[in-house]
Amino acid sequence: MMKPLSQDAAGHPAARPIHPGVRIGHVHLKVADLERALAFYCGVLGFELMQRYGTQAAFVSAGGYHHHIGLNTWESQGGSPPPPGTTGLYHVAILYPTRAALADALVRLSEADIQLEGASDHGVSEALYLSDPDGNGIELYFDRPEDQWPRTADGELQMVTRRLDLQDLLASRDA
């Protein structure tokens, strides 16, 4: 387990920690065009459509879960992404179970001619960054085992941001 810092970023004493079993279960995104969003999330990334609510909402998942991502046009049909300089979601991070599965995602993106906005090795993880058709930031990533995470001499977590070697990542598909 990662050792939490005893103070928050502002130097305040850390609050009582949340239960370690808590997870982010799903994200719900406002989209301008439901069919276009489904073409990306199901057609490109490979999520499975679990349920539709007419032409206004859909729920997609990996592995048959009820939903990992909700997509809706309730307040956003035909809309545009929020302009730079406004608050909102920075990105949704989608965790892949293996490095080879992340490599497969890179192949899917390439085959669909979807450009990456970045690719980083963070020491703890390897990540691909892009935007969906509605401008929502997406991070596709694989976590390294915790015993491989970079640490300081004192044992504190020391994440980094380095260029991810995409050819090496692709080679992991065959490993």
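This is a short walk through one predicted chain, its two sheets, one pocket and one odd loop residue.

Okay, housekeeping before the picture. It's a predicted model, so local features need pLDDT of at least 70 and side-chain atom pairs count only at pLDDT 80 or more, while totals for chains, interfaces and linings use all residues. Residues are numbered from 1 along each chain as its sequence is written, and side-chain values use heavy atoms, with hydrogens and water left out.

So, the overall view. The chain has three helices and nine strands; those are DSSP runs numbered from the N terminus, helices being H or I with at least four residues and strands E with at least two. Along the sequence you read β-α-β-β-β-β-α-β-β-β-β-α. The C-alpha atoms fill a box of roughly 55 × 45 × 35 Å along the principal axes. Of the 175 residues, 34% count as buried, meaning under 20% relative accessible area, with exposed over 50% and partly exposed in between, using a 1.4 Å probe and protein chains only. Now contacts, that is, heavy atoms within 4.5 Å: among those between residues at least 6 apart in sequence, 55% join residues at least 24 apart.

On to the sheets. Four strands make an open, mixed one in the order β1-β4-β3-β2; two strands pair if DSSP finds at least two bridges between them. At its edges sit β1 and β2 (48-53), each pairing on one side only. From one strand to the next, the twist averages 20 degrees. β1 runs parallel to β4 (residues 69-72) over four bridges, and V27 has I69 as its bridge partner in β4.

The other sheet is also open and mixed, with five strands in the order β5-β8-β7-β6-β9. β5 (92-96) and β9 (162-163) each have a single partner strand, so one side of each is left without a neighbour in the sheet. β5 pairs with β8 in the parallel sense over five bridges, and L95 is matched with Y141 in β8. At the other end, β6 and β9 are antiparallel over two bridges, with D121 bridging to R162 in β9.

Stay on β5 for a second. In a regular strand the side chains alternate between the two faces of the sheet. Here V92, I94 and Y96 point to one face and are buried, while A93 and L95 point to the other and are not. Helix α2 lies across β5, β7 (125-131) and β8 (137-143), at about 150 degrees to β8; axes are lines fitted to C-alpha atoms, for helices over the stretch in contact, and angles run from 0 to 180 degrees between N-to-C directions.

What comes after α2? The loop between α2 (99-111) and β6 (118-121) holds D113. Most residues other than glycine have a negative phi. D113 isn't a glycine, yet its phi is positive, about 60 degrees. Buried or exposed, that D113? Exposed, with a relative accessible area of 61%.

Last stop, the lining of the second largest pocket. A pocket, on a 1 Å grid over the protein atoms alone, is an open set of points where a 1.4 Å probe fits, with protein on both sides within 12 Å along at least five of seven lines; lining residues have an atom within 4 Å of a point. Which strand gives the largest share of that lining? β7, with three residues. β1 (27-30), β7 and β8 each supply at least two.
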